[in-house]
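Please consider the aromatic side chains of the protein shown below, with attention to how their rings are arranged and where they lie.

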Amino acid sequence: MRQTRSAIRLRIPQSLHRQMLDDLRRSHPYAEERVGFLHTTSKILADDTVLVIATEYSPVEDENYIDDDRVGAKINSVAIRAAIQRSLEKQNGCFHVHLHDHRGQPGPSRTDKSGLPGVAKSLTNIAPDQANGFLILSQNSFYASIKAPGETEFLQPDVVSVVGKPMLLSFFGERGDKGRVYDRQSFLGESSQFLFENIRVGIIGYGGGGSHIGQQLAHLGVKNIVVFDDDKVEDTNLNRLVGAQFCDVKNAVLKTTVAERVIKMVLPTANVVRVNSRWQDNPDLLQACDVVFGNVDSYAERQQAEAECRRYLIPYIDIGMDVYQIDDDPHAIAGQVILSLPGSPCMSCFGFLSEKKLALEAAKYGKVGGRPQVIWPNGVLASTAVGLFVNLITNWTQDNKTPDYLSYNGNTGMIQQHVRIQYLTNEDCSHFPLDQVGAPVFVKL
């Protein structure tokens, strides 16, 4: 049995969160409130983090409520058996859910404390290898009590996150004293600094773009940063790798070492996890991140990173640039910043990724050579990506509808929504259905 655990992270797709709120707010002929069941899949990561991902919500039918004026809602055994049967069919976890319709963090009532642990234990008996429990929603926060695999007691999660635009993040812990350092970014919201201190951000690739992103996250006060890069500093990196020094080339310093050095010079209290390998060799560290920035060179690498982030309900922000020349015209710099948000259009929906592009790239494998790169367009694209991240987390612009596929013309300095946005026919994504999130589960027939 596991003696300690580092964290419990519960993630809920925004569409599922809205479905729960809409259902639980419906009136009932005699029950004062409604309840439902949230089905989940869970995974224990390498550092003992318990990752719980919501996959489906089941309302309780009207006829399965019991008329009892001593409590807000009481359901019969048929409703409990239906939830248990669903867990058996899907081999997943299950949470009893109800709503306290106010703002701020909710708390369990005396009735909740006496009755709900018993329901959760019944669900745990059916799926002991999955996380089970009960969840209380408010208008903008949560209370959760979770029986994690291998644990003897119910535990509270470290964070409950609703994954959408904007993110709704409920971290459970003491708020630190932000001091005066961040006074000039207080317009981002009263809770912004608390969010920055607790969110976990991944950076895939610490080159021309990633090095700008790491430095800017440190200035924002983002404390938990995971950097994935297996390269060492070379002389050709010095024209764009922020924080790299000439002596780093001679000493064959790892790029992740440069990342930690730069970030901690700005924010000494930062927790920088250096992953000196591809993320594919340490996927658990990626899966534990709340947001991931991708700064990779190929379409195939983008496809792999996006697919992993989609499966584990992680917003993925991609940046990239290229320099090309047509005939005798001057060289042109072009780039993009794309927010790939689970439940919303992906890079294939946008037309940025396609089977044709992947096939052409595969045919040229090993023959592409080094692509032209310079520091200023990397800086523009990285700053734009960080801006998308800040808005996603704090919602300071209150613009929650526009898909984010931005194109950059380095010759004119213009950044604008890509023309392909207007041709999107569906705001949902058919390439990554939300019912396929979480670690693959092999159901016994």
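In this predicted model, F293 is a buried residue, its relative accessible area being 0%. F389 likewise counts as buried, at 0% relative accessibility; the cut-off for that class is under 20% relative accessible area.

The broader setting is the set of aromatic pairs. A pair of aromatic rings is described by the distance of the centres and the angle of the planes. Centres must lie within 6.5 Å for rings to pair, and by this rule the model holds eight aromatic pairs. One of them is formed by F187 and W396, whose centres are 5.4 Å apart and whose planes meet at 80°, an edge-to-face arrangement. F187 belongs to the loop between β8 (168-171) and α4 (192-198), while W396 belongs to the loop between α11 (375-394) and β15 (405-409); the pair therefore ties together parts that are 209 residues apart in sequence.

As for accessibility, F187 is exposed, with a value of 54%, and W396 is partly exposed, at 43%.

The rings of F293 and F389 also form a pair: because their planes stand at 55°, with the centres 5.7 Å apart, this pair is tilted. F293 is located in strand β12 (residues 291-294) and F389 in helix α11, so their contact ties together parts that are 96 residues apart in sequence.

Ring pairs also build a cluster, which links Y299, F350, F352 and Y405.

Terms used: Residues are numbered from 1 along each chain as its sequence is written. This is a predicted model: local features need pLDDT of at least 70, side-chain atom pairs count only at pLDDT 80 or more; totals for chains, interfaces and linings use all residues. Side-chain values use heavy atoms; hydrogens and water are left out. Rings of Phe, Tyr and Trp (its six-membered ring) pair if their centres lie within 6.5 Å; planes under 30 degrees apart count as stacked, over 60 as edge-to-face and the rest as tilted. Helices (H or I, at least four residues) and strands (E, at least two) are DSSP runs, numbered from the N terminus. Buried means under 20% relative accessible area, exposed over 50%, partly exposed in between (1.4 Å probe, protein chains only).
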